[in-house]
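Biologist: I'm at home with gels and columns, but reading a model is new to me. Please take me through one, feature by feature.

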Amino acid sequence: MQLIDIGVNLTNPGFADKHQAVLDRAYAAGVCQLVLTGTSVEGSEQALELCQQLDETALRLFATAGLHPHSASDWNADSAQRLRSLLKEPRVVAVGECGLDFNRDFSPRPQQEKVLEEQLAMAVELQLPVFLHERDANQRMLEILRDYRDQLPAAVVHCFTGEKKALFSYLDLDLHIGITGWICDERRGTHLHPLVKEIKCGRLMLESDAPYLLPRSLRPKPKNGRNEPAYLTEVLREVAVHRGESEEDLAAHTTACARAFFGMPSLDATQI
């Protein structure tokens, strides 16, 4: 059984000096390929460097490059130039993490919208998929995406935590959906239980969002409380239960979906 983690924050300081050990545990758990999330220009550069350093030839590690809406105020001409260069690298497979966050509003909303549109324009120009962040901004996100959707090859709403109306609005735009350990949270994630079966095969992908969102149903829990890609198997288990699928079938179609979305190669038994 092969799994792909489409969103891991391996550049997070919590993983400093532990990168190879974290990856070894992921590989041992069946998470055979990972997409390292870029949330700033500097972080995107670091994600690419990790791909090159830790996975020179095996084609197991890939990265996104983008600017998170929390950091939209940092956007300038230099950011755009550096991001464009990153997006031309073979290991960089998507634009993002980019989007809108009207929950915390760490950057002014008009600036978030401007930076999202500039990154969407780059994705159109370079014909790359988009890795999207959205929180409490569903309607405005839809309004912006509609102007670009027909020209984009694909886009995924990463770490989807919304309600039914939001889910269907994204599926109606033919977007992909990323599900994390949020679904394992009995306090705030149970609304996702009936929703995941509404996502058709070919539109659903799984992600850890590590080191965040440790699955609360995981037993035993790590003493450090830090999530890792190896724990993606717990997200797989929970999603499979609520979709009425076997873990093997769910792993097969979400892995195939991720490979098609990001243009990642298949791995045979000798590469795992």
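**Reading helices, burial and backbone**

Modeller: Let's start where two helices touch: Leu236, Arg237, Val239, Ala240 and Arg243 of H8 meet Glu247, Leu250, Ala251 and His253 of H9. Contact here means heavy atoms within 4.5 Å. By class, the contact of H8 with H9 has five nonpolar, one polar and three charged residues. The classes are simple: Ala, Val, Leu, Ile, Met, Phe, Trp, Tyr, Cys and Pro are nonpolar, Asp, Glu, Lys and Arg are charged, and the others, Gly among them, are polar.

Biologist: Before we go on, what am I looking at, and how do the labels work?

Modeller: This is a predicted model, in which local features need pLDDT of at least 70 and side-chain atom pairs count only at pLDDT 80 or more, while totals for chains, interfaces and linings use all residues. Residues are numbered from 1 along each chain as its sequence is written, and side-chain values use heavy atoms, with hydrogens and water left out. The H and E labels are DSSP runs numbered from the N terminus: helices (H or I) of at least four residues, strands (E) of at least two.

Biologist: How do I read the packing of two helices, and at what angle do H8 and H9 cross?

Modeller: Two packed helices are described by the angle between their axes and the distance between the axes. Here the axes of H8 (residues 232-243) and H9 come within 9 Å and cross at roughly 105°. Therefore H8 and H9 are roughly perpendicular. The bins are under 35 degrees for roughly parallel, over 145 for roughly antiparallel, 65 to 115 for roughly perpendicular, and oblique for the rest. Axes are lines fitted to C-alpha atoms, for helices over the stretch in contact, with angles from 0 to 180 degrees between N-to-C directions.

Biologist: What angle do H5 and H6 make?

Modeller: H5 and H6 (residues 164-172) pack at about 5°, their axes 11 Å apart. That makes H5 roughly parallel to H6. Asn138, Met141 and Leu142 of H5 touch Ala166, Ser169 and Tyr170 of H6. That contact divides into four nonpolar, two polar and no charged residues.

Biologist: And on which helix does H4 pack at about 35°?

Modeller: That would be H5, with the axes 11 Å apart. The contact is built from Glu113, Leu116, Glu117 and Leu120 of H4, plus Arg140, Met141, Ile144 and Leu145 of H5. Its tally is five nonpolar, no polar and three charged residues.

Biologist: Now burial. Which residues of H4 are buried?

Modeller: Buried means under 20% relative accessible area, exposed over 50%, and partly exposed in between, using a 1.4 Å probe and protein chains only. In H4 (residues 109-126), the buried ones are Gln112, Glu113, Val115, Leu116, Gln119, Leu120, Met122, Ala123 and Val124. Their cover includes helix H3 (77-86), strands E4 (92-101) and E5 (130-135), and helix H5 (138-146). In H9 (residues 247-262), buried residues include Leu250, Ala251, His253, Phe261 and Phe262.

Biologist: What about single residues: where is Val8?

Modeller: Val8 sits in strand E1 (residues 3-8) and is buried, at 0% relative accessible area. Leaving aside neighbours within four places in sequence, Val8 contacts Leu34, Val35, Leu36, Thr37, Ser208, Ala210 and Pro229. Val8 and Tyr212 lie 204 residues apart in sequence and 8.9 Å apart in space, C-alpha to C-alpha. Ser44, in helix H2 (residues 41-54), counts as buried at 1% relative accessibility. Outside that same four-place window, its contacts are Gly38, Thr39, Thr64, Ala65, Gly66 and Leu86.

Biologist: How do I spot unusual backbone, and which peptide bonds are cis?

Modeller: Most residues other than glycine have a negative phi, and most peptide bonds are trans. The bond from Ala210 to Pro211 is cis, with omega near 10°, and a cis bond also joins Arg219 and Pro220, with omega about -10°. Pro211 lies in the loop between strand E8 (204-206) and H8, and Pro220 is in the loop between E8 and H8 too. Leu213 is in that loop as well, with a positive phi near 55°. At 19% relative accessibility, Leu213 counts as buried.

Biologist: Where is Asp174 found?

Modeller: Asp174 is in the loop between H6 and strand E7 (176-179). Its phi is positive, near 60°, and at 33% relative accessibility Asp174 counts as partly exposed. Gln127, just after H4, has a positive phi of about 55°, and Gly263, just after H9, has one of about 70°.

Terms used: Expected span 1.5 Å × (residues − 1).
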